[in-house]
Amino acid sequence: MVSFESKPYSKRLLQLISWSHWFTFFNILAAILLSSIYILSESMPDTLLGKTYLVTTWLSHMAFLTFMSFVLILFPITILFPRTRFIRAVASIIFTAELLLLLLDAYIYTRLGYHLNISSSAPILELITNEIQQNSRAFWFVSLVLTLVILSFELITSNYAWKHLKELQKTIFARFIVIPLVAFFFFSHMVHIWADANLEYDVLRQDTVLPLSYPSTAKTLLTKYGMFDEVDYIARRTSPLAFTDAVPPYPLYQGQCPSESVISQSVFMVLTDQTLQTHQLDKIKHRIKLGKLSLDNHVDNALPKEAWFNLFYSLPSIYKTTLLEQQAQPLLFQIMTQKNLAKSFTIVGEDNNEASVNNTESLLSLTGQLFPTTTKLDDISSLIFADKLNNYAPGLHVFYFKGDNSYQFELFLDALISAQNKKHEEQQNKDILWISSIGNNSLDTSLSMKPALLVLPKSKNRSIDKLTSHMDVQPTLIKQWLGCDIQPKSYSNGTDIKKLSNDRIIANTMDNGIVVFNKDKSMFVDQNGNFQSYSIQLAAPITAQPDFPLMIDGVHFIKQFTKQENNVQ
């Protein structure tokens with residue numbers, strides 16, 4: 001009796017397993033065909049070895065992933081529930097979901113540069129949400145059609161393999177496909193081992209093309225995205241970051257601002273090279289009645305010699321050399337020149353060490369191109385009079401406090417706010433204030449948040465918990481001060497602070513790597529691929545796995561301006 005009952009079970013099980021092998025085989029072919037999207041989205045390798053590796057790893061890797069779906073999901077279900085209709089239905093649903101997931105992953109890869117992953121769920125969800133909002137009917141129609149087409153393919157293939165199982169078992173054509181795929185699998189792995197040992201970039205740059213492939217390195221990815229020279233890929237050790245592609249020329253002002261408007265307000269920027277503390281800003285906020293925008297998650301991640309470039313040009317530091325060679329003026333300064341607005345720069349404090357002297361020389365070389373004159377003062381005794389502060393001509397006035405100057409810094413702010421309150425009593429337009437620290441003396445402070453304060457007299461008091469940076473100052477002033485409707489992406493990487501609504505990535509470059517921020521953590525990646533992470537919530541360094549999607553998002557942020565020709569002013 002036992003052998004009689006086990007015989008139909010074993011036959012049915014063997015038949016289902018045989019069928020599932022053939023069903024998986026047809027899905028391997030489908031997965032290879034759909035995954036060609038990854039290959040077409042990348043430039044072809046330069047060498048014969050690179051091209052050979054591309055083809056062999058593409059075919060074998062996709063075949064392996066599809067076969068593993070059978071081994072890990074379908075095969076156990078078949079063993080547990082060997083019911084013909086149930087297994088065929090489940091198999092069709094499983095492979096339909098897999099192929100749809102493959103298409104979704106391919107779409108995300110072509111748009112963001114990385115695959116589906118938990119750490120970058122926010123940018124992925126934002127991308128999908130934007131697609132739905134822009135054309136929801138087309139999105140859902142395409143999704144429905146793809147689902148029906150793939151499900152139809154699965155049902156037809158399932159039915160064909162079941163009805164022609166005996167014929168398929170007698171054929172030999174499959175072995176001429178399976179055997180090469182197995183050979184390609186081992187060949188591609190051997191080539192990658194060799195390439196990894198010999199730093200063969202043409203092979204290693206393909207590490208992130210296919211889903212669930214080899215983990216890449218920061219060095220390879222930065223080279224792939226044009227942040228390092230491919231020629232120096234092996235020899236590079238301490239060379240600074242630089243674009244391998246040409247940086248577009250900085251835009252010229254084309255008269256987009258209202259010509260009839262008269263600017264009667266000034267902008268006072270009060271900055272210190274000491275890290276501002278929350279309690280310092282709280283004292284200032286208590287004295288300001290309206291227009292307080294508290295920037296609770298403000299980013300200033302550059303060294304002193306680069307931070308001023310970030311502030312005035314609203315671009316990452318990597319653009320500095322090229323734009324200074326172009327003798328480009330920030331768009332804000334171009335507009336101020338056209339409107340005959342005043343510009344002044346005042347430095348308060350003394351240089352007490354060699355590093356401070358070097359930073360001042362670097363600053364003066366920049367301000368010398370942007371401001372008519374730069375005034376240096378040892379103290380603020382000549383500035384703290386309301387009449388004097390209120391008699392500055394409408395324009396941009398920058399006050400920079402150097403060294404251990406916290407007392408004079410706070411005293412000057414008290415005088416400035418008192419002068420602004422006096423203006424209000426006299427029914428004059430109050431000025432725009434920007435108060436923050438600028439520059440970092442070490443990598444540790446560049447990875448932390450530094451609170452800042454923006455005062456727009458006509459705005460409501462509110463706290464902004466979205467990431468902000470010095471690169472947002474110029475777009476904010478062009479819109480909120482000068483009233484110009486110019487697309488920020490055409491001249492900067494920043495955003496009008498009042499229009500911030502979504503979480504975003506902010507990144508900047510240093511001489512030896514990049515710094516990337518999101519709402520949860522910051523990360524430094526040097527040119528040798530070493531990662532250092534910092535928790536925003538804990539305000540302390542943390543040990544974390546390399547976050548390549550976050551790094552790629554940071555690279556995309558840094559390279560926004562290089563795509564300027566696609567942006568409309």
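Two strands count as paired if DSSP finds at least two bridges between them. Keep that in mind for the first exercise; the model here is predicted.

**Exercise 1.** Find how many bridges join strand 12 to strand 13, and name the residue of strand 13 that stands opposite Val515.

*Solution.* Start with the ranges: strand 12 covers residues 513–517 and strand 13 covers residues 521–526. Next, count the bridges: there are 5, and the two strands run antiparallel. Finally, look across from Val515: Phe524 in strand 13 stands opposite.

**Exercise 2.** Work out the strand order of the open sheet, its edges, and the helix that lies across strand 11.

*Solution.* Follow the antiparallel pairing through the 5 strands, and the order reads 11-12-13-14-15. The edges are strand 11 and strand 15 (540–542), since each of them pairs on one side only. Neighbouring strands are turned by 25° against each other on average, direction ignored. Now add helix 20 (residues 548–558): this helix lies across strands 11, 12, 13 and 14, and runs at about 80° to strand 11.

**Exercise 3.** Locate the disulfide, describe its geometry, and decide whether its cysteines are buried or exposed.

*Solution.* A search of the whole structure gives 1 disulfide. Cys257 is joined to Cys484, with an S to S distance of 1.9 Å. The link is right-handed, with 110° about the S-S bond. Cys257 sits in the loop between helix 10 and strand 1, and Cys484 in the loop between helix 19 and strand 11, so the pair ties together parts that are 227 residues apart in sequence. For burial, the cut-off is under 20% relative accessible area. Cys257 is buried at 6%, and Cys484 is buried at 1%.

Note on methods
Residues numbered from 1 in each chain as written. Predicted model: local features only at pLDDT ≥ 70, side-chain atom pairs only at ≥ 80, totals over all residues. Heavy atoms only, no water. Disulfide = S-S within 2.5 Å. Helix = DSSP H or I, 4+ residues; strand = E, 2+ residues; numbered from the N terminus. Buried < 20%, exposed > 50% of the residue type's maximum accessible area, 1.4 Å probe, protein only. Axes fitted to C-alpha atoms, helices over the stretch in contact; angles between N-to-C directions. Contact = heavy atoms within 4.5 Å.
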